[in-house]
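Reader: I'd like to learn how to read charges, rings and surface patches from a model. Could you walk me through one?

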Amino acid sequence: MKLAIGCDHGGYELKQSILKHLNSRKVDYKDFGCFSTDSCDYPDFALAVSESIISGECDRGILICGTGIGISIAANKVTGIRAAHCTDVYSARMARQHNNANIIAIGGRITGEAIALEMVDAFIDTEFEGGRHGKRVEKIAKVEEKYMIRRNMEMDERVTVISHPLIQHKLAIIRDKNTGSKEFRELLSEVAMLMCYEVTRNFQLEDVEIETPICKMNAKMLTGKKVAIVPILRAGLGMVDGMLKLVPAAKVGHIGLYRDPETLKPVEYYCKLPTDIEEREVIITDPMLATGGSAADAITLLKKKGARNIKLMCLIAAPEGVKAVREAHPDVDIFVANIDEKLNDHGYIVPGLGDAGDRIFGTK
Ligand SMILES: O=P(O)(O)OC[C@H]1O[C@H](OP(=O)(O)OP(=O)(O)O)[C@H](O)[C@@H]1O
Ligand SMILES: O=c1cc[nH]c(=O)[nH]1
């Protein structure tokens, strides 16, 4: 096992004692500094030690600052690091046995040398127990993954969350379980129209000469881009009318998919597209992007039929669905009104709005 060790000025003295101890035990280590008691910043050393563990250069780490608190907080910001701030031998052992901690953080101004060396021994010599503790550590990893996905999405230029106040207001009413089908349909259609404004933002304009009652002028008009709106049946239908209000010349294709309630995998049952789909800018509509299976399959189908320029417009997405579509179809822009928290065990978006198809058509 190779250890990484780092400290700030507050942990320097204790680190020297620990290094001597590691040498006497013939433990392999790499010292990432600091190398004197001159004032320095603990996050720098937390990062160096943490990255050496994540990269596989070292297996576990020891971090020391004045209290052990700041340096452990900094290390825990690195994905995959489980830094345990310990002040006694029992905690050091448990941090390994129960938490699979890969870093121990010690306070140079808190813990005496004798106890600190015993803590280091417990940290090095104790193995992770796994079992029920494995399940819990996996849950920690899931939390990291969730926030990482969200951060990646926020930075992803191909994922647009349309947060206009009108859309957010209407979305709140749509979500409400007391909103009936009629109002649900009307609001979904209105939101689709507002979202369409953003989805069509890149449409090309050209100069055309027109004559106002006063004089001639060069005005801007759409280049006559051909558009196809393709709802995923059933629920996607609820967004078509709103879009046609803004793009009345668009052709409408239909893709019929339903999610198998057991496997959550999409099952195709219908496909009818404009014959010149390959020349059209395609906007797929579906209120819900849950696991992403339906949207990803619809995009695959459209690509097989020759479509090249595809956008996906959904009302609500789960992070898992956005990730799945981005991975399967990195060329497709995704527009949503909100990215919700997560999927539940039945593949429904939480908090979501329930079953979109049933709420639109009143089938439940
Ligand atoms: O991202 P996914 O996990 O694939 O789930 C999303 C799909 O589920 C819903 O349709 P559903 O299968 O309920 O059919 P419906 O529209 O006919 O009600 C929704 O309208 C999407 O098409
Ligand atoms: O939350 C969800 C997930 C899939 N389909 C829906 O209609 N709602």
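Author: Let's go through salt bridges, then an aromatic pair, then surface patches. Keep in mind that this is a predicted model.

Reader: Fine, salt bridges to begin with. How many salt bridges does a search of the whole structure find?

Author: The general idea is a side-chain nitrogen of Lys or Arg within 4 Å of a carboxyl oxygen of Asp or Glu. Searching the whole structure that way turns up 23 salt bridges. One of them joins Asp-31 to Lys-15, with 2.8 Å between the closest N and O atoms. Asp-31 is in strand β2 (residues 28-31) and Lys-15 in helix α1 (residues 12-24), so this pair ties together parts that are 16 residues apart in sequence.

Reader: And Lys-15, is that buried or exposed?

Author: Buried means under 20% relative accessible area. Lys-15 comes out at 0%, so buried it is. Asp-31, its partner, is partly exposed at 23%.

Reader: Which residue does Arg-25 form a salt bridge with?

Author: That would be Asp-121, and the closest N and O atoms are 2.7 Å apart. The pair links distant parts of the chain: Arg-25 belongs to the loop between α1 and β2, while Asp-121 sits in helix α5 (residues 113-125), 96 residues apart. As for cover, Arg-25 is partly exposed, with 30% relative accessibility.

Reader: Where does Glu-127 lie, and what does its salt bridge with Arg-60 tie together?

Author: Here the closest N and O atoms are 3.2 Å apart. Glu-127 is in the loop between α5 and α6 and Arg-60 is in strand β3 (residues 60-65), so parts 67 residues apart in sequence get tied together. Look at the accessibility too: Glu-127 is exposed at 51%, whereas Arg-60 is buried at 8%. Salt bridges can also share partners, and that is how Arg-158, Glu-281, Lys-311 and Asp-333 are joined into one network.

Reader: On to the rings. How many aromatic pairs are there in the whole structure?

Author: The idea is to check the distance between ring centres, then the angle between the planes. The search of the whole structure gives 1 aromatic pair. Tyr-258 and Tyr-269 make it up, at 6.1 Å centre to centre with 35° between the planes. Planes under 30 degrees apart count as stacked and over 60 as edge-to-face, so this one is tilted.

Reader: Which strands do those two tyrosines lie in?

Author: Tyr-258 is in strand β11 (residues 254-259) and Tyr-269 is in strand β12 (residues 266-272), so the pair ties together parts 11 residues apart in sequence. Tyr-258 is partly exposed, with 43% relative accessibility. Tyr-269 is partly exposed as well, at 45%.

Reader: Then which residues form the nonpolar patch on the surface?

Author: For a patch, you look for residues with over 30% relative accessible area and no salt bridge. Tyr-258 and Tyr-269 turn up again, joined by Tyr-270, and together the three have about 330 Å² of accessible area.

Reader: Which residues gather in the patch of positive charge?

Author: Here you look for like charges that gather on the surface, and Arg-132, Lys-135, Arg-136, Lys-139 and Lys-142 do just that. To find your way there, start from Arg-132, which is in helix α6 (residues 132-155). Arg-132 has 49% relative accessibility, so it counts as partly exposed.

Note on methods:
Residues are numbered from 1 along each chain as its sequence is written. Chains are lettered from A and ligands numbered from 1 in the order in which they are written. This is a predicted model: local features need pLDDT of at least 70, side-chain atom pairs count only at pLDDT 80 or more; totals for chains, interfaces and linings use all residues. Side-chain values use heavy atoms; hydrogens and water are left out. Patches are made of residues with over 30% relative accessible area and no salt bridge: like charges are joined within 9 Å, nonpolar side chains (Val, Leu, Ile, Met, Phe, Trp, Tyr) within 5 Å. Accessible areas come from the Shrake-Rupley method with a 1.4 Å probe; for residues, only the protein chains shown count as cover. Lys and Arg count as positive and Asp and Glu as negative; His and the chain ends are not counted. The place of a charge is taken as NZ of Lys, CZ of Arg, CG of Asp or CD of Glu. Helices (H or I, at least four residues) and strands (E, at least two) are DSSP runs, numbered from the N terminus. Buried means under 20% relative accessible area, exposed over 50%, partly exposed in between (1.4 Å probe, protein chains only). Rings of Phe, Tyr and Trp (its six-membered ring) pair if their centres lie within 6.5 Å; planes under 30 degrees apart count as stacked, over 60 as edge-to-face and the rest as tilted.
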